[in-house]
Amino acid sequence: IHPLQPHQAPVTRILATANNKALLSVSADGRLLYDYTTNQRHLLSLTPAQPPAAVGLSTRSNGAIAIDGAGEVTLWALHVPHPEASWRTFFGKLWYEGFPEPEYTWQSSAGTEDFEPKLSLVPLIFGTVKGTLYGLLFAAPLAVFAALYSSHLMNPRLHRVIKPTFEIMGAIPTVVIGFIAALWLAPLVRVSLGALLLLLVLLPLLVMLGVGVWERVTALGAVRKVLRGYEFLLLVPVVLLGVGLAAVAGRVLEVWLFGGDLPLWLFQHLGVHFDQRNSIIIAFGLGFAVLPTVYTISDDALTNVPRNLTAASLALGASRWQTVWRVVLPSASPGIFAALMVGFGRAVGETMIVLMATGNTPITDWSIFNGMRTLSANIAVEIPEAPFEGTLYRTLFLSAVLLFLTTFVLNTAAEMVRQRLRKKFGQF
């Protein structure tokens, strides 16, 4: 199970430490090897002048003693402050005592003396990526398309009202967003899960139907001229209708097909565990926090596209939508990409929302019905209980360094890609 540093001669004795999973092994040639079993880390080697007849370890594992056949005593002072820490501990699968198989596990404390800390950072990195991707999956399309519409298709007077509103949204404290997501949104999603899943299918169909009706209505030139710049208002009743139908039909279908409790049905029939504070809540909460940032930067990039480009496209007979899609969007792509990377970095470092709106469970599961624990939330949770200069204390600093390196690498890569896009589409 745990291959350790081999001896060159037969092993004659093994001494287990009293306060961790390390052991001292003695071979026939007198060599002593000190290893940590769980992470298979070789800590040190000891070689007395003569093969020892007896060997002992101190109670605190900070000293070893050997007595040879002539009665000569050799003492060693052992200083191994963090034997359970290694690259294998942080980033590899380990087979812990009592576990059926090797796993990525984070469990820093259990309140018992014989507990072995489990310090794998993989579930925390996975949770950070998972929460960020789900948040951006909700925020990025809404922000980019909202910026696209408001900057070039919406009435300019209305645009001057919409943009400051989005910027004010960015000033909302994240602790307020986390509080609302945890105490209001999470229970609501729990009792309305069927309606929410139905809405994800029903709303796009109704919007497409509404756009088709709009195309028929705007065949009349007078209607198109009156509603120019306010077309989005026609989709408001469509969205409200979709929400209402999903709320009513979702409840009926949940009672008819799933016995009135979809989360319980998922667990009993599919083995899918439903946490009340899950990735769906994070998608809404984290997405709401990231959305103003992505929208504002994208809107600035789209607004700063030279007007002579759009005027030339319209003069050649292209429609407004063709101009926006084929001229404006490619020209503003460096700025939009930068907005997405800034939003990604904002989501990676977010703490309060993921701390309050998830179950803080360090697991590696992509299911939208499960929670997660991110690196930033883990630092906030664990730092008050981390002994100064202890292994957990240093591991949390390692987590902070990983967060810094992640954002640094992402921002550097984003700037390189942005410069290439700038050259490709001729922005100077």
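Ala, Val, Leu, Ile, Met, Phe, Trp, Tyr, Cys and Pro count here as nonpolar, Asp, Glu, Lys and Arg as charged, and the others, Gly among them, as polar. With that split, the lining of the second largest pocket comes out at 13 nonpolar, eleven polar and eight charged residues. Keep in mind that this is a predicted model. Below is a quick tour of that pocket, a cavity, some strands and one helix.

**The second largest pocket**
- This pocket holds about 740 Å³ of space.
- Its lining takes in 32 residues, and those nearest the centre are N19, N20, E84, P117 and T391.
- Two elements, β3 (32–36) and α14 (391–424), each give two or more residues to that lining.

**The cavity**
- The structure has one cavity of 30 Å³ or more.
- The volume of the largest cavity is about 40 Å³.
- Around the largest cavity you'll find Y36, T38, N39, E84, T89, L94, Y96, E116 and P117.
- Sorted by class, that lining gives four nonpolar, three polar and two charged residues.
- E84 and P117 turn up twice: they help line the largest cavity, and they are also listed among the residues nearest the centre of the second largest pocket.

**The four-stranded sheet**
- Four strands make an open sheet in the order β1-β2-β3-β4, and the pairing is antiparallel.
- Why do β1 and β4 each have one side without a neighbour in the sheet? β1 (11–16) and β4 (41–46) stand at the edges with a single partner strand each, so one side of each is left free of a sheet neighbour.
- From one strand to the next, the twist averages 20°.
- As a general reminder, strands of a sheet pair through backbone hydrogen bonds, either parallel or antiparallel.
- β1 and β2 (residues 22–27) run antiparallel and are joined by five bridges.
- If you want a spot to look at, L15 stands opposite L24 in β2.

**Just before β1**
- Q8 sits in the segment that precedes β1.
- Is Q8 buried or exposed? With a relative accessible area of 75%, Q8 is exposed, because anything over 50% counts as exposed.
- Q8 and R31 are 23 residues apart along the chain, and their C-alpha atoms are separated by 8.9 Å.

**Two hairpins in a row: β5, β6 and β7**
- β5 (residues 52–57) pairs with β6 (residues 63–68) in the antiparallel sense, over five bridges.
- Across that pair, A54 has I67 in β6 as its bridge partner.
- The β5 and β6 hairpin has five residues between the strands, and S61 takes a positive phi near 60° there.
- β6 is also joined to β7 (residues 73–77) by five bridges, again with the strands running antiparallel.
- Which residue in β7 is the bridge partner of I65? That partner is L75.
- The hairpin of β6 and β7 has four residues between its strands, and G71 in the turn has a positive phi of about 85°.

**Helix α8**
- In α8 (residues 262–270), the buried residues are L262, P263 and L266.
- They cover an arc of only 105° around the axis, which puts them on the same side of α8.
- Q268 and H269 are exposed on the other side of α8.
- In general, an α-helix has 3.6 residues a turn, so residues three or four places apart point the same way.

How values were computed
Residues are numbered from 1 along each chain as its sequence is written. This is a predicted model: local features need pLDDT of at least 70, side-chain atom pairs count only at pLDDT 80 or more; totals for chains, interfaces and linings use all residues. Side-chain values use heavy atoms; hydrogens and water are left out. Two strands pair if DSSP finds at least two bridges between them. Axes are lines fitted to C-alpha atoms, for helices over the stretch in contact, and angles run from 0 to 180 degrees between N-to-C directions. On a 1 Å grid over the protein atoms alone, a cavity is a set of points where a 1.4 Å probe fits but cannot get out, and a pocket is an open set with protein on both sides within 12 Å along at least five of seven lines; lining residues have an atom within 4 Å of a point. Grid points are joined across faces, edges and corners, and a volume is the space filled by probe spheres set on the points. Buried means under 20% relative accessible area, exposed over 50%, partly exposed in between (1.4 Å probe, protein chains only). The arc is that of the directions from the helix axis to the C-beta atoms.
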